Structure formats: C-alpha cells, structure tokens
Amino acid sequence: MTMVKKQTDRPLLGIIEGVALAAVASVIAILLFALIVKTFGLSDAVIPPVNQVIKVLSILLGSWRAVKSGARGLIGGLAVGIAYILLGAGIYMMLEGAMSPIGVLLADLALGAAAGAVSGILIANLMKK
C-alpha cells in the first residue's frame, strides 16, 4: 500500500507556496499603500520605511505558510526571505531594465534573511504549543 503524503509533509512545496503568498501579499499591500499615498497626499519620505514594513510582513506570512507545510522554522523562513527578495530583484530588473545598486540588493537580502529566519523560528515554536 502506498502512503499518500499529506500537504503538511512537503517542505519544498511549502517554501514555494510561501514565496508566492508573500509576493501576492506584497502586491496587494503596495497597491493599497499607493492608494493611501495618492488619496491623502502623503510625502514621498514615508514610502521607503513602509515598503520595508510591507516586505517584513510579507516574509512573515510566507514563512508561516512554509512552516505550516512542514519546513523547519529557521531553514523554511530563511529560504522564503531570501527567495522573496531575489524574486523582487528579478522583477525590478525586468521592469526597469537595470539591476538595483549592489548595496541596496545586499541590504535587502540581509533584511529578507533576518526577517525570514526570525519569523520561521518564532512560528515553528508557536505552532508547537
């Protein structure tokens, strides 16, 4: 008799789903934020910090999906964070026709890795309870 794997036993699929969920969440959040900026005439100075918050929250959501699917907390979150940032950099390159400055990319990778790792660890430990 062949055992059918549960969805919760597929960590790689969970990581891919986590990155996709994080990307979709980011697009929705950025569109809502753009509407708020346009409607209320907010200064451009608020955009960079809010974009960072959107990235971190999206990675948190993606890490939750990955860990829920069986990925180990640290590894799953780290993978989601790094893959999410690389996906975003790739999309930016396609849209702009140029790469982000290397310093910006490295800072984003550090943010993504840290946010993913911390999120993954926290989520894995909270799910145990």
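How many residues does helix α2 have, and how far does helix α2 reach from its first C-alpha to its last? In this predicted model, where local features need pLDDT of at least 70, side-chain atom pairs count only at pLDDT 80 or more and totals for chains, interfaces and linings use all residues, numbering runs from 1 along each chain as its sequence is written. Side-chain values use heavy atoms, with hydrogens and water left out.

Helix α2 (residues 47-68; helices are DSSP runs of H or I with at least four residues, numbered from the N terminus) has 22 residues and reaches 31 Å, close to the 32 Å expected at 1.5 Å a residue, the expected span being 1.5 Å times one less than the number of residues. Its buried residues (under 20% relative accessible area, 1.4 Å probe, protein chains only) include Ile 54, Lys 55 and Arg 65, and what covers the buried residues of α2 includes α1 (11-40), α3 and α4. After α2 comes Gly 70, whose phi is positive, near 110°.

The axes of α3 (residues 73-96) and α4 (residues 102-128), which are lines fitted to C-alpha atoms over the stretch in contact, with angles from 0 to 180 degrees between N-to-C directions, come within 6 Å and cross at roughly 150°. The two helices are therefore roughly antiparallel (over 145 degrees) to each other. Among the residues making this contact (heavy atoms within 4.5 Å) are Gly 77 and Ile 85 of α3 and Asp 108 and Gly 112 of α4.

Asp 108, found in helix α4, is buried, with a relative accessible area of 16%. Leaving aside neighbours within four places in sequence, Asp 108 is in contact with Gln 52, Lys 55 and Ile 85.

How values were computed: Angles under 35 degrees count as roughly parallel, over 145 as roughly antiparallel, 65 to 115 as roughly perpendicular and the rest as oblique. Buried means under 20% relative accessible area, exposed over 50%, partly exposed in between (1.4 Å probe, protein chains only).
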